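Here is a short briefing on one protein chain. Keep the sequence and the 3D view open while you read.

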Amino acid sequence: VDTLPKIVFSSPTYFCNKDSSFELTAKPMGGMWSGPGIQNSLLNPKLAKSGNHRLYYSLNINACPAKDSLQVAIESPLAVQISPNIDSACFGDILTLEALVKGGLIANHELKWSHGQLGNKTYFTAKQTGELIAIARDGCSDPSTDTATILVHPRIWAKAVVSDTVGRGQKGWAYVTLGNGNPVERNWAHD
């Protein structure tokens, strides 16, 4: 009669939500791991998904099967959301955008914007249509990104040519053209 081996785990029990493979260890060695996120006896936390999971380790020694389980916790994934995620502005306007980061290691949240600013709130001067990207990191989980589309209206500029100054009752003239193909409407009061 053989006694069942005592299984001793030496693997961590907390994992960030990361698309990586982590080796799980137990003694006696040579067994097989199974459970959510397990591939070839390696744990991929992203595949397992966030929450508490029971992972099983089994092995046969001298025809005696032994099995035990290890409870692991996987952090929720990082998620970032920009508000507003689409904005329309006139050339030169200063826009304020904010980003909310959830999940991951909250104490380690770091937010960087694609134009170099840091923090949950950013200011953006509208100079051309494009995108502004927020990148959230916590030093452990996979990064998360969100994109805001900024639509910048072209500058309105005008060119005016006017007649010499004339006295009351005399006719003068003005010729106005707008740039960028903008339509022009001319209205003014006269006697």
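**The disulfide**

The S-S bond of Cys 16 and Cys 140 has a torsion of about 105 degrees, so this disulfide is right-handed. The bond joins distant parts of the chain, with the two cysteines 124 residues apart. The model is predicted.

- The sulfur atoms of Cys 16 and Cys 140 lie 1.7 Å apart.
- The count of disulfides comes to one.
- A disulfide is a covalent bond between the sulfur atoms of two cysteines.
- Cys 16 sits in the loop between strand 2 (14-15) and strand 3.
- Cys 140 sits in the loop between strand 15 (130-137) and strand 16 (144-153).
- Cys 16 has a relative accessible area of 6%, so Cys 16 is buried.
- Cys 140 has a relative accessible area of 26%, so Cys 140 is partly exposed.

**Two other cysteines**

- Cys 64 has a relative accessibility of 15%, and the cut-off for buried is under 20%. Cys 64 therefore counts as buried.
- Cys 90 is partly exposed, because its relative accessible area is 45%.

**Overall form**

- The protein has one helix and 18 strands.
- How many Å does the radius of gyration of the protein come to? The value is 32 Å, whereas a compact globule of 191 residues would be near 16 Å.
- The C-alpha trace spans about 125 × 25 × 20 Å along its principal axes.
- Of the 191 residues, 28% count as buried.
- Take the contacts in the protein with a separation of 6 or more. Residues 24 or more positions apart account for 50% of them.

**A sheet of three strands**

- One open sheet has three strands in the order 3-7-6, with antiparallel pairing.
- Strand 3 (22-23) and strand 6 (38-39) stand at the edges of this sheet. Each has a single partner strand, so one side of each is left without a neighbour in the sheet.
- Strand 6 pairs with strand 7 (residues 42-43) in the antiparallel sense, over two bridges.
- Ile 38 has Leu 43 in strand 7 as its bridge partner.

**Strand 16 and its partners**

- Strand 16 pairs with strand 15 in the antiparallel sense, over seven bridges.
- Ala 136 has Ser 144 in strand 16 as its bridge partner.
- Strand 15 and strand 16 form a hairpin, with six residues between them. In the turn, Gly 139 has a positive phi of about 80 degrees.
- Strand 16 also pairs with strand 11 (residues 86-90). Here the sense is parallel, over five bridges.
- Ala 89 has Val 152 in strand 16 as its bridge partner.

**The two faces of strand 16**

- In a regular strand the side chains alternate between the two faces of the sheet.
- Which side chains of strand 16 point to one face and are buried? They are Ser 144, Asp 146, Ala 148, Ile 150 and Val 152.
- Thr 145, Thr 147, Thr 149, Leu 151 and His 153 point to the other face and are not buried.

**Aromatic rings**

- The count of aromatic pairs comes to four.
- Phe 9 and Trp 33 form one of these pairs, with 5.6 Å centre to centre and 45 degrees between the planes. The pair is tilted.
- This pair links distant parts of the chain. Phe 9 is in strand 1 (residues 8-9) and Trp 33 is in strand 5 (residues 32-34), 24 residues apart.
- Phe 9 is partly exposed, because its relative accessible area is 22%. Trp 33 is buried, with a value of 7%.
- Why is the pair of Phe 15 and Phe 22 tilted? The ring centres are 5.4 Å apart and the planes are at 55 degrees, so the pair is tilted.
- Phe 15 is buried, with a relative accessible area of 4%. Phe 22 has 29%, so Phe 22 is partly exposed.
- Ring pairs also link Phe 9, Trp 33 and Tyr 57 into a cluster.

**A charge over a ring**

- Lys 67 lies over the face of Tyr 56. The distance from the ring centre is 5.1 Å.

Key:
Residues numbered from 1 in each chain as written. Predicted model: local features only at pLDDT ≥ 70, side-chain atom pairs only at ≥ 80, totals over all residues. Heavy atoms only, no water. Pairing = 2+ DSSP bridges. Helix = DSSP H or I, 4+ residues; strand = E, 2+ residues; numbered from the N terminus. Disulfide = S-S within 2.5 Å. Buried < 20%, exposed > 50% of the residue type's maximum accessible area, 1.4 Å probe, protein only. Phe/Tyr/Trp six-rings, centres within 6.5 Å; stacked < 30°, edge-to-face > 60°. Lys NZ or Arg CZ within 6 Å of the ring centre and 35° of its normal. Rg over C-alpha atoms; globule rule 2.2 N^0.38 Å. Contact = heavy atoms within 4.5 Å.
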